[in-house]
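Here is a short tour for anyone meeting this structure for the first time. Have a look at the picture, then read on.

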Amino acid sequence: MIRFIIQAVVTMIGLWLSAQVVPGVAFTNNGSLIAAALILGLVNAVVRPFMVIITFPITVVTLGLFLLVVNAAMIGLTAMFLGGFTVNGLWAGIGAAIVTGVVSWIAGASIGDEEKRG
């Protein structure tokens, strides 16, 4: 449960940064940001594995770059479920996926180092 909460906070930071940096990504309020992080976590846990399996051939052909489209689709799906979170188009979704992924990668590297030390 603690891991899910930490991941949700990291995702929330990534989504917030996406809204600041990527044109076309916006939140109406902080509650929408928190809800988007939680819904995105659930969507990534339930829907994303199926999408990765279904799109595996095109992912191999594109040397993994198609996973950006899959991640953008998961962010778009989250925006469809939530009224206070908007993603205007595929490119905004891809930008949000890149920013959120980089934030998650940096946080994972930092947290992973702490776990190895402790």
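## Arginine 48

Let's start with arginine 48, which counts as partly exposed because its relative accessibility is 25%, and partly exposed covers the range between under 20% (buried) and over 50% (exposed). Keep in mind as you read that this is a predicted model. Arginine 48 sits in helix 3, which covers residues 48-54.

Which residues does arginine 48 contact, leaving aside its neighbours within four places in sequence? They are Val43, Leu67, Val70, Asn71 and Met74. With asparagine 71 there is also a polar contact between the two side chains, at 2.7 Å. As for leucine 67, it is 19 residues from arginine 48 along the sequence, and the C-alpha atoms of the two are 10.0 Å apart in space.

## Helix 5

Val70 and Met74, both touched by arginine 48, turn up again among the buried residues of helix 5. The rest of that buried set is Ala72, Ile75, Thr78 and Ala79. Some of the spacing here fits a general pattern. An α-helix has 3.6 residues a turn, so residues three or four places apart point the same way.

What about the length of helix 5? Its 16 residues should span 22 Å at 1.5 Å a residue, and the C-alpha atoms at its ends are 23 Å apart, so the two values agree.

## Serine 18

Now over to serine 18, which belongs to helix 1 (residues 2-21). Is serine 18 buried or exposed? It counts as buried, because its relative accessibility is 0%.

If you skip residues up to four places away in sequence, serine 18 touches Val25, Ala96, Val99 and Thr100. One of these, threonine 100, also shares a polar contact of 3.4 Å with serine 18, side chain to side chain.

## The largest pocket

Last stop: the largest pocket, with a volume of about 330 Å³. It is lined by 17 residues, and those closest to its centre are Gln7, Thr11, Leu40, Asn44 and Ser104. By type, the lining splits into eight polar, seven nonpolar and two charged residues.

Which helix gives the most to this lining? That would be helix 1, with five residues. At least two residues each come from helix 1, helix 2 (30-46), helix 5 (66-81) and helix 6 (90-117). So two helices from earlier in the tour show up here as well, helix 1 and helix 5.

Note on methods: Residues numbered from 1 in each chain as written. Predicted model: local features only at pLDDT ≥ 70, side-chain atom pairs only at ≥ 80, totals over all residues. Heavy atoms only, no water. Helix = DSSP H or I, 4+ residues; strand = E, 2+ residues; numbered from the N terminus. Buried < 20%, exposed > 50% of the residue type's maximum accessible area, 1.4 Å probe, protein only. Polar contact = N/O pair within 3.5 Å; in protein donor to acceptor, adjacent residues only side chain to side chain. Contact = heavy atoms within 4.5 Å. 1 Å grid on protein atoms, 1.4 Å probe; cavity = no way out; pocket = protein on both sides within 12 Å on 5 of 7 lines; lining within 4 Å. Points joined across faces, edges and corners; volume = space filled by probe spheres on them. Nonpolar A, V, L, I, M, F, W, Y, C, P; charged D, E, K, R; others polar. Expected span 1.5 Å × (residues − 1).
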